[in-house]
Amino acid sequence: MSATSATSATSVTSVTSVISASRRRGAMRLLSVVAFSSLALTGCGEGKEPADPTAVAASTGRTTWAGTKQFVTVDKAWAEGGLTYLSVRPAEKKVNTQFDTWEIIPGTGAFTTVTMAKDARVLLTAPVRGDDASGVGRGEPLPSSQAEFVTLLTQLDPGTAAGVGYDLSFDGQGQVAKLQSLYRP
């Protein structure tokens, strides 16, 4: 191998490593921008609750909860124009092993309105469904219609209603596909 060939090969290797390093830095910058943007949009990393799905829907056409499961408390429910709406706020649930039930820790901040899909499943336990279901335990979820849920929720004592939590499953469009109340004696 001649001296010119060796120098040429070294130059090509150096240029290739500079280009590769430059591309890696560019890719890292892009990934950093994407990561920080997603944190800013969701409010994660700052001790804040998830982004308001209504606001995100207005700006992107899709809610942040689309395709997810969320645990929430429900402030109110109503039917309008053939659809059922819920006013919800994220909450936490912890197992209460002493009583084999759930401890509900309500979230803070504003309630958000979400829409239930027309074919959404509703499964209710006590105290939401009451005690009139014979032959089943109070903690066993029983199917209900959306209209029955709205009626039962509005009939609950406000203190009791505020302490009930719900597991919500959202479809890809951000509508509630399944609602299940958690048993609370």
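In which strand does Thr115 lie? In this predicted model, Thr115 belongs to strand β5, and following its surroundings is a convenient way into the structure. With a relative accessibility of 19%, Thr115 counts as buried, because the cut-off for that word is under 20%. Leaving aside residues up to four places away in sequence, Thr115 touches Leu83, Thr84, Tyr85, Gln175 and Val176.

Strand β5 also leads to the nonpolar core. In soluble globular proteins, nonpolar side chains tend to be buried together. Here the largest nonpolar core has 24 residues, and the members that touch the most other members are Leu86, Phe149, Tyr166 and Leu179. At least two residues of this core come from each of β1 (69-80), β2 (83-90), β5 (112-124), α3 (146-155), β7 (165-170) and β8 (176-181), and it is β5 that gives the most, with six residues. To see what such a core looks like from the position of one member, the reader can select Phe149, which touches Ala77, Leu86, Val122, Leu124, Val128, Ser144, Tyr166 and Leu179 when residues up to four places away in sequence are not counted.

Phe149 is also one of the buried residues of helix α3, alongside Gln146, Val150 and Leu153. These buried residues cover an arc of only 100° around the axis, and therefore they lie on the same side of α3. The general geometry of a helix helps here: an α-helix has 3.6 residues a turn, so residues three or four places apart point the same way. On the face of α3 turned away from its buried side, the reader will find the exposed residues Ala147 and Gln155.

A second threonine, Thr73, lies in strand β1 and is buried, with a relative accessible area of 4%. Its contacts, again without residues up to four places away in sequence, are Ser87, Val88, Arg89, Ala91, Ile104, Pro106, Phe111, Ala162 and Val164.

Which side chains meet in a salt bridge? The count of salt bridges comes to one, and it is formed by the side chains of Asp167 and Lys93, with 2.9 Å from N to O. Because Asp167 lies in strand β7 and Lys93 in strand β3 (residues 92-96), the pair ties together parts that are 74 residues apart in sequence. Asp167 is partly exposed, with a relative accessible area of 26%, and Lys93 also counts as partly exposed, at 32% relative accessibility. Lys93 has a further partner, since its charged end sits over the ring of Trp102, 5.0 Å from the centre of that ring.

The aromatic rings come next. A pair of aromatic rings is described by the distance of the centres and the angle of the planes. The structure holds three aromatic pairs, and one of them is formed by Trp65 and Phe170, whose ring centres are 5.4 Å apart and whose planes meet at 50°, so that the pair is tilted. This pair links distant parts of the chain, because Trp65 is in the loop between α2 (53-60) and β1, whereas Phe170 is in strand β7, 105 residues apart. Both partners are buried: Trp65 has a relative accessible area of 2%, and Phe170 has one of 5%.

Another of the aromatic pairs is made by Trp78 and Tyr85, and this one is stacked, with 5.7 Å from centre to centre and 20° between the planes. Trp78 is partly exposed, with a relative accessible area of 25%, and Lys76 lies over the face of Trp78, at 5.4 Å from the ring centre.

Thr64 lies in the loop between α2 and β1, and at 28% relative accessibility it counts as partly exposed. Thr64 and Phe170 are 106 residues apart in sequence, while in space their C-alpha atoms are 9.9 Å apart.

One detail of the backbone remains. Which residue is joined to Ala126 by a cis peptide bond? The partner is Pro127, and the omega angle of this bond is about 10°. Pro127 has its place in the loop between β5 and β6 (142-144), which brings the reader back to β5, the strand in which Thr115 lies.

Methods:
Residues are numbered from 1 along each chain as its sequence is written. This is a predicted model: local features need pLDDT of at least 70, side-chain atom pairs count only at pLDDT 80 or more; totals for chains, interfaces and linings use all residues. Side-chain values use heavy atoms; hydrogens and water are left out. A nonpolar core is a set of buried Ala, Val, Leu, Ile, Met, Phe, Trp, Tyr and Cys residues joined through side-chain atoms within 4.5 Å. Buried means under 20% relative accessible area, exposed over 50%, partly exposed in between (1.4 Å probe, protein chains only). Helices (H or I, at least four residues) and strands (E, at least two) are DSSP runs, numbered from the N terminus. Contact means heavy atoms within 4.5 Å. A salt bridge is a side-chain nitrogen of Lys or Arg within 4 Å of a carboxyl oxygen of Asp or Glu. Rings of Phe, Tyr and Trp (its six-membered ring) pair if their centres lie within 6.5 Å; planes under 30 degrees apart count as stacked, over 60 as edge-to-face and the rest as tilted. A charge sits over a ring if NZ of Lys or CZ of Arg is within 6 Å of the ring centre and within 35 degrees of the ring normal. The arc is that of the directions from the helix axis to the C-beta atoms.
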